[in-house]
Amino acid sequence: MTKSLLLLLPLALFMAGCASGVRDTTRTFRTVVIDAGHGGKDSGATSRRGGAEKNDTLDVAQRLEPKLQAAGFRTVMTRKGDYFVELNDRAAISNRQSNAIFLSIHFNDSPRRRIRGIEVYYNAACAIPLARRLEESLAPLSRSRGVMHANFRVLRRNKYPAVLVECGFLSNPREAARCSTPQFREAVASRLADALAAQRSGT
């Protein structure tokens, strides 16, 4: 996913809590909306090996769902196969839930082939603790590039705390090779599940 301008949220806004219309459910959520990025006509990023982001995100999402269910969460998938879902519709699926959070799964892209690592994005300030928890959990898998504010539509249009996770750069040949393995995607799913369970329990 190619980025435009990304801004770190000022401390004053962080202290202000959730934006208007966003409910802070980061310690009460029972439902996790799992959003596998891209799909169908939208392949997302691609690697030199021919891998497509849309397939990698769906694989991670499908591995994550049973782990969250085993931990006692209700799960909702914005897509369950290789088809396209509009960004507004992804947010709308989340907004129809009760006591939820939204997690969008992606893999990254950059014209600079040497860039690698994990990034986590949020829009509403109350999602920062959730974003940080996910970043800390994923950091052992690759270099952490930080937690950042972004105006992505699936985040901006959510009425629940919403985060978008970039699990690695498909434009980096070495990282793309790792991302293509089931073992890496299983590790990503496990660490996402552990982070969400820890966030919910407050541990």
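This is a dialogue about reading the sheet, the helices and the aromatic pairs of a predicted model.

Me: Where do I start with the sheet, and in what order do its strands lie?

Reply: Start with the general idea: strands of a sheet pair through backbone hydrogen bonds, either parallel or antiparallel. In this structure, six strands form an open sheet, and their order is β2-β1-β3-β6-β4-β5. The pairing is mixed. At the edges are β2 (74-77) and β5 (144-149), each of which pairs on one side only. From one strand to the next, the twist averages 20 degrees.

Me: Which strands does β4 pair with, and in which sense, parallel or antiparallel?

Reply: Take the two neighbours in turn. Strand β4 (residues 118-122) runs parallel to β5, and four bridges join the two. Within that pairing, Tyr122 has His149 of β5 as its bridge partner. With β6, the pairing of β4 is antiparallel, again over four bridges. There, Val120 stands opposite Val165 of β6.

Me: What lies between β4 and β5 along the chain, and what unit do they make?

Reply: Helix α4 (residues 128-138) joins them in a β-α-β unit, and this unit is right-handed.

Me: How do I read the two faces of a strand, and which residues of β4 are buried on each?

Reply: In a regular strand the side chains alternate between the two faces of the sheet. In β4, one side carries Ile118, Val120 and Tyr122, the other Glu119 and Tyr121, and all of these are buried. Both faces of the strand are thus covered. Five of the five residues of β4 are buried, so the strand is largely enclosed by the rest of the structure.

Me: Which helices pack on the sheet, and at what angle to β3 do they run?

Reply: Helix α2 (residues 53-70) packs on the sheet and touches β1 (31-36), β2, β3 (100-108) and β6 (162-169). Its direction makes about 145 degrees with that of β3. Helix α7 (residues 182-201) lies across β1, β3 and β6, at about 155 degrees to β3.

Me: Which residues of helix α3 are buried, and where do they sit around the axis?

Reply: In α3 (residues 87-95), the buried residues are Arg90, Ala91, Ile93 and Ser94. They cover an arc of only 155 degrees around the axis, so they are on the same side of α3. The buried residues of α3 pack against β1, β2, β3 and α5 (153-156).

Me: How is an aromatic pair described, and how many does this structure hold?

Reply: A pair of aromatic rings is described by the distance of the centres and the angle of the planes. This structure holds two such pairs. For Phe29 and Phe73, the ring centres are 5.3 Å apart and the planes are at 10 degrees, so this pair is stacked. Phe29 is in the loop between α1 (11-15) and β1, while Phe73 is in the loop between α2 and β2, 44 residues apart. Phe29 is buried at 0% relative accessibility, and Phe73 is buried at 9%.

Me: What is the arrangement of Tyr121 and Phe152?

Reply: Tyr121 and Phe152 form an edge-to-face pair, with 5.4 Å from centre to centre and 70 degrees between the planes. The pair links distant parts of the chain, with Tyr121 in strand β4 and Phe152 in the loop between β5 and α5, 31 residues apart. Both Tyr121 and Phe152 are buried.

How values were computed:
Residues are numbered from 1 along each chain as its sequence is written. This is a predicted model: local features need pLDDT of at least 70, side-chain atom pairs count only at pLDDT 80 or more; totals for chains, interfaces and linings use all residues. Side-chain values use heavy atoms; hydrogens and water are left out. Two strands pair if DSSP finds at least two bridges between them. Axes are lines fitted to C-alpha atoms, for helices over the stretch in contact, and angles run from 0 to 180 degrees between N-to-C directions. Contact means heavy atoms within 4.5 Å. Buried means under 20% relative accessible area, exposed over 50%, partly exposed in between (1.4 Å probe, protein chains only). A crossover is right-handed if, with the strands pointing away from the viewer, the path from the first strand over the helix to the second runs clockwise. The arc is that of the directions from the helix axis to the C-beta atoms. Rings of Phe, Tyr and Trp (its six-membered ring) pair if their centres lie within 6.5 Å; planes under 30 degrees apart count as stacked, over 60 as edge-to-face and the rest as tilted.
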